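Subject: Structure for you to look at

Dear colleague,

I am handing over the structure we spoke of, with the sequence alongside. Please look through it first; my notes on what was found follow below.

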Amino acid sequence: MRETLVLNASFEPLSTVTLNRAVVLVLQDKAVVEQAHPGLRMRAAAVDIPVPRVIRLCRYVRVPFRRQAPWSRRGVLVRDGHRCAYCGRRATTVDHVVPRSQGGRDTWLNTVASCAEDNHRKADRTPEQAGMPLLTRPYEPTPQDAMLLTLGAGDRAALPGWLARSA
């Protein structure tokens with residue numbers, strides 16, 4: 001199972017939590033299930049609840065403003081749909097547009113998803129030096145987009161209509 005999306009009482013996305021944490025929040029009456037995985041239920045002696053995909057907190061939680069989403073290798077792969085930025089095939093690695101050996105850093109704007117073959121072929125050169133133009137330009141997702149991306153690119157379509165439109 002993937003992680004569960006947590007919405008604030010005002011229906012804005014807050015974070016993702018593990019399935020176990022989501023169930024605990026629901027059982028403690030701190031959250032309600034907004035959307036469940038179809039056909040799946042969690043049962044125990046005195047408990048029978050749907051397996052939560054999206055939960056909403058019962059009380060509003062004030063969250064400090066986040067200026068940017070934290071960078072991660074997994075986030076880059078999900079942002080780019082696991083597609084190589086150089087050839088479009090399945091990507092399994094992350095490539096630095098400006099290589100670390102030339103001062104490039106781990107940032108959203110300097111990393112793209114790449115297949116292992118193209119990553120190795122480009123090596124420690126820029127795309128221009130290697131003659132490998134980018135098919136797509138890297139971008140920095142908003143904190144909300146990055147959080148929704150942690151659910152997986154395919155899950156966005158499975159979210160409730162009101163949430164998918166706001167994503």
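A search of the whole structure, which is a predicted model, finds seven salt bridges. One of them joins D80 to R79, with the closest N and O atoms 2.8 Å apart, and both partners are buried, D80 with a relative accessible area of 17% and R79 with one of 7%. A second pairs E117 with R89, where the closest N and O atoms are 3.7 Å apart. Because E117 belongs to helix α3 (residues 116-122) while R89 sits in the loop between α2 and β5 (93-96), this pair ties together parts that are 28 residues apart in sequence. Here E117 counts as exposed, at 52% relative accessibility, whereas R89, at 42%, counts as partly exposed. Elsewhere, salt bridges with shared partners join R41, R43 and D48 into one network. Within that network, D48 and R43 approach to 3.5 Å between their closest N and O atoms; D48 is partly exposed at 42% relative accessibility, and R43 is exposed at 62%.

R79 deserves a second look, since I found further contacts for its side chain beyond the salt bridge with D80. The residue lies in helix α2, which covers residues 73-79, and the side chain of R79 reaches the backbone oxygen of W108 at 2.8 Å. A polar atom of the same R79 side chain also lies 2.7 Å from the backbone oxygen of T111.

Turning to the nonpolar interior, the largest core has 17 residues, and those with the most contacts inside it are L77, C84, Y86, A91, V112 and L134. Helix α2 and strand β6 (111-114) each supply at least two residues of this core. A second, separate core has 13 residues, among them L19, V23, A31 and I49. Returning to L134, and leaving aside its neighbours within four places in sequence, this residue is in contact with A85, Y86, V97, V112 and P127.

How many disulfides does the model contain? The count comes to zero. The cysteines are nevertheless worth checking by eye, so let me set out the distances behind that count: a disulfide would need two cysteine sulfur atoms within 2.5 Å. The sulfur of C84 is 3.7 Å from the closest cysteine sulfur, that of C87, and this is too far for a bond. The sulfur of C115 likewise has its closest cysteine sulfur in C87, at 3.8 Å, which is again too far for a bond. C84 is buried at 3% relative accessibility, and C115 is buried at 6%.

As for the chain as a whole, there are six helices and six strands, and read along the sequence they follow the pattern β-β-α-β-β-α-β-β-α-α-α-α. Of its 167 residues, 42% count as buried, and the chain exposes about 9,800 Å², of which carbon and sulfur atoms supply 52%. Among contacts between residues at least 6 apart in sequence, 59% join residues at least 24 apart.

With best wishes

Note on methods. Residues are numbered from 1 along each chain as its sequence is written. This is a predicted model: local features need pLDDT of at least 70, side-chain atom pairs count only at pLDDT 80 or more; totals for chains, interfaces and linings use all residues. Side-chain values use heavy atoms; hydrogens and water are left out. Buried means under 20% relative accessible area, exposed over 50%, partly exposed in between (1.4 Å probe, protein chains only). Helices (H or I, at least four residues) and strands (E, at least two) are DSSP runs, numbered from the N terminus. A polar contact is a pair of N or O atoms within 3.5 Å; within protein, one must be able to donate a hydrogen and the other to accept it, and residues adjacent in sequence count only if both atoms are side-chain atoms. A nonpolar core is a set of buried Ala, Val, Leu, Ile, Met, Phe, Trp, Tyr and Cys residues joined through side-chain atoms within 4.5 Å. Contact means heavy atoms within 4.5 Å. Accessible areas come from the Shrake-Rupley method with a 1.4 Å probe; for residues, only the protein chains shown count as cover. A salt bridge is a side-chain nitrogen of Lys or Arg within 4 Å of a carboxyl oxygen of Asp or Glu.
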